[in-house]
Amino acid sequence: MDFQLTEEQLAVQAAAREFAQNELWAGVIERDEHQKFPAEQIKKMGELGFMGMMVSPEYGGGGMDTVSYVLAMEEISKVDASCSVIMSVNNSLVCWGLEKYGTEEQKRKYLPGLTSGQIIGAFALSEPEAGSDATSQRTTAEDKGDYYLLNGTKNWITNGTTASVYLVVAQTNPELKHRGINVLIVEKGMEGFQTGPKENKLGIRGSDTCSLMFTDVKVPKENRIGEDGFGFKFAMQVLAGGRIGIAAQALGIASGAYELSLKYSKERKAFGVPISQHQAIQFKLADMATNIDAARLLCLQSAHDKDAHQDYAKSGAMAKLFASKTAMDTAVEAVQIHGGYGFVKEYHVERMMRDAKITQIYEGTSEIQKIVISREILK
Ligand code: CAA
């Protein structure tokens, strides 16, 4: 087994680290506090190639592998998990899905803007009553011949107000259950399409999350992705890859909280010595470092599986399950190591603790990851 990264992968990692350290630290607390969308930062990320990393250069992408994507996600998430979720949805769910299953016309129309960061994409699956139970779609896409009539509501949509292109999951043939579901490309500004107010969230507050409302929206037939009834499989496929991205986000939050804790523990003195010399702190640092290394290996394993065209549903779910728990546990311990300073905003770890929680919820809760893993083991 080769654990060495290639020169190209190392260069991507270094570029993401430099960008995150130089361009994202400043302002991250303010963006979090005021729920300010990182518009300028996302524009730069597009210019640097982070918004469509795995897309072929033919459509404006970076033509990179999933391992490089994981490395970049970790570095950006170390500093600002709001930026990285915007990046993750755009890369894993929207760009990857469009490139893999879109028509040539759809790819040429949407991918250059999405990969360059000129426009942002969103993926709309969750509904007020269909979160984990994704087959129970209430949003309908009635087949009207040359268009679909779209009606319904989507909830908790990342990039909800800022996106220009939305991949919307909707039911066309209820009697066929999940085999009657389609995914339609909906553009901002289509008549009958409205977005709700931004949610006031616990974490990833710089990213915008909102509801989408569709009332008799006429979506041309050519905006359907794949064959009639392919929508649910499309959603499952993109989410399987998306989970690798969110696993890397969780890994980054954990690494960020750990690095700050390590530094702080060497500087802060208590009982006459730096607190890193107390075994109580050393045990915490050892647990953090061990879990982070294990999470990184799972992330890289799942990315490798995807790049090698092997099945990655199980390894991606394992990576997300473990990395998101590691993010939560590490961030909580980071606050503990920082003591009172950890409880105030200037030291960053309280934000990381709030940001970590969502990684156990979106793109499938931890319980959903266990369902996916156990099905793969038992089949
Ligand atoms: N690839 C391809 N097809 C797949 C698949 C995969 N990885 N996983 C399932 N399928 C197919 C199955 O083969 C089956 O097809 P057939 O019946 O034709 O054989 C079909 O999909 C239905 O599968 P299941 O019977 O397994 O479906 P289920 O209802 O029992 O449960 C589930 C599946 C895993 C629980 C699924 O509903 C699920 O993943 N739920 C969580 C949804 C989720 O992750 N939501 C996140 C929203 S997006 C988001 O959060 C983005 C963001 O903002 C950051």
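**Exercise 1. Determine how much of residues 231-377 is helix and how much is strand, and state which annotation covers this span.**

Solution.
Step 1. In this predicted model, residues 231-377 are 78% helix and 3% strand.
Step 2. The C-alpha atoms at the two ends of the span lie 25 Å apart.
Step 3. According to UniProt, in an unreviewed entry, residues 231-377 carry the feature "domain: Acyl-CoA dehydrogenase/oxidase C-terminal".

**Exercise 2. Describe the helix and strand content of the other two annotated spans, residues 6-118 and residues 122-217.**

Solution.
Step 1. UniProt lists residues 6-118 as "domain: Acyl-CoA dehydrogenase/oxidase N-terminal" (unreviewed entry). This span is 72% helix and 0% strand, and its end C-alpha atoms are 30 Å apart.
Step 2. The UniProt annotation "domain: Acyl-CoA oxidase/dehydrogenase middle", also from an unreviewed entry, covers residues 122-217. Here the chain is 0% helix and 47% strand, with end C-alpha atoms 17 Å apart.

**Exercise 3. Establish how many helices and strands the protein has, and compare its radius of gyration with the globule rule.**

Solution.
Step 1. The count is 11 helices and 9 strands.
Step 2. The radius of gyration is 21 Å, close to the 21 Å that the globule rule gives for 379 residues, so the protein is as compact as a globular protein of that length.
Step 3. The C-alpha trace spans about 80 × 45 × 40 Å along the principal axes.
Step 4. Of the 379 residues, 55% are buried.
Step 5. Among contacts with a separation of 6 or more, 74% are between residues 24 or more positions apart.

**Exercise 4. Characterise the exposed area and the charged side chains of the protein.**

Solution.
Step 1. The protein exposes about 16600 Å², and carbon and sulfur atoms supply 53% of this area.
Step 2. There are 41 positive and 48 negative side chains.
Step 3. The centres of these two sets lie 4 Å apart.

**Exercise 5. Decide whether helix 10 is mostly covered or mostly uncovered, and name the helices against which its buried residues pack.**

Solution.
Step 1. Helix 10 comprises residues 349-358, and 7 of its 10 residues are buried. The helix is therefore mostly covered, a residue being buried when its relative accessible area is under 20%.
Step 2. The buried residues are Val349, Glu350, Arg351, Met352, Arg354, Asp355 and Ala356.
Step 3. These buried residues pack against helix 2 (28-33), helix 4 (66-79), helix 5 (81-101), helix 7 (231-267) and helix 9 (313-338).

**Exercise 6. Classify Phe214 and Leu298 as buried, partly exposed or exposed, and list the residues they touch.**

Solution.
Step 1. Phe214 lies in strand 7, residues 209-220. Its relative accessibility is 2%, so Phe214 counts as buried.
Step 2. Leaving aside residues up to four places away in sequence, Phe214 touches Leu150, Asn151, Gly152, Lys154, Val168, Val186, Gly192 and Phe193.
Step 3. Phe214 and Ala254 are 40 residues apart along the chain, and their C-alpha atoms are separated by 38 Å.
Step 4. Leu298 is found in helix 8, residues 279-307. Its relative accessibility is 25%, so Leu298 counts as partly exposed.
Step 5. With residues up to four places away in sequence again not counted, Leu298 touches Ser315, Met318, Ala319 and Phe322.
Step 6. Leu298 and Phe322 are 24 residues apart in sequence, and 8.1 Å separates their C-alpha atoms.

**Exercise 7. For His309 and His348, state the sign of phi, the location and the class of accessibility; then locate and classify Glu346.**

Solution.
Step 1. His309 has a positive phi of about 60 degrees, although it is not a glycine.
Step 2. His309 is placed in the loop between helix 8 and helix 9. Its relative accessibility of 74% is over 50%, so His309 counts as exposed.
Step 3. His348 has a phi near 70 degrees, again a positive value in a residue other than glycine.
Step 4. The loop between helix 9 and helix 10 holds His348. At 12% relative accessibility, which is under 20%, His348 counts as buried.
Step 5. Glu346 also lies in the loop between helix 9 and helix 10. At 57% relative accessibility, Glu346 counts as exposed.
Step 6. Glu346 and Thr6 are 340 residues apart in sequence, with their C-alpha atoms 36 Å apart in space.

Technical notes
Residues are numbered from 1 along each chain as its sequence is written. Side-chain values use heavy atoms; hydrogens and water are left out. UniProt positions are given in the numbering used here, feature names are shortened, and annotations may be inferred rather than shown by experiment. Helices (H or I, at least four residues) and strands (E, at least two) are DSSP runs, numbered from the N terminus. Buried means under 20% relative accessible area, exposed over 50%, partly exposed in between (1.4 Å probe, protein chains only). Contact means heavy atoms within 4.5 Å. The radius of gyration is taken over C-alpha atoms; the globule rule is 2.2 Å times the number of residues to the power 0.38. Accessible areas come from the Shrake-Rupley method with a 1.4 Å probe; for residues, only the protein chains shown count as cover. Lys and Arg count as positive and Asp and Glu as negative; His and the chain ends are not counted. The place of a charge is taken as NZ of Lys, CZ of Arg, CG of Asp or CD of Glu.
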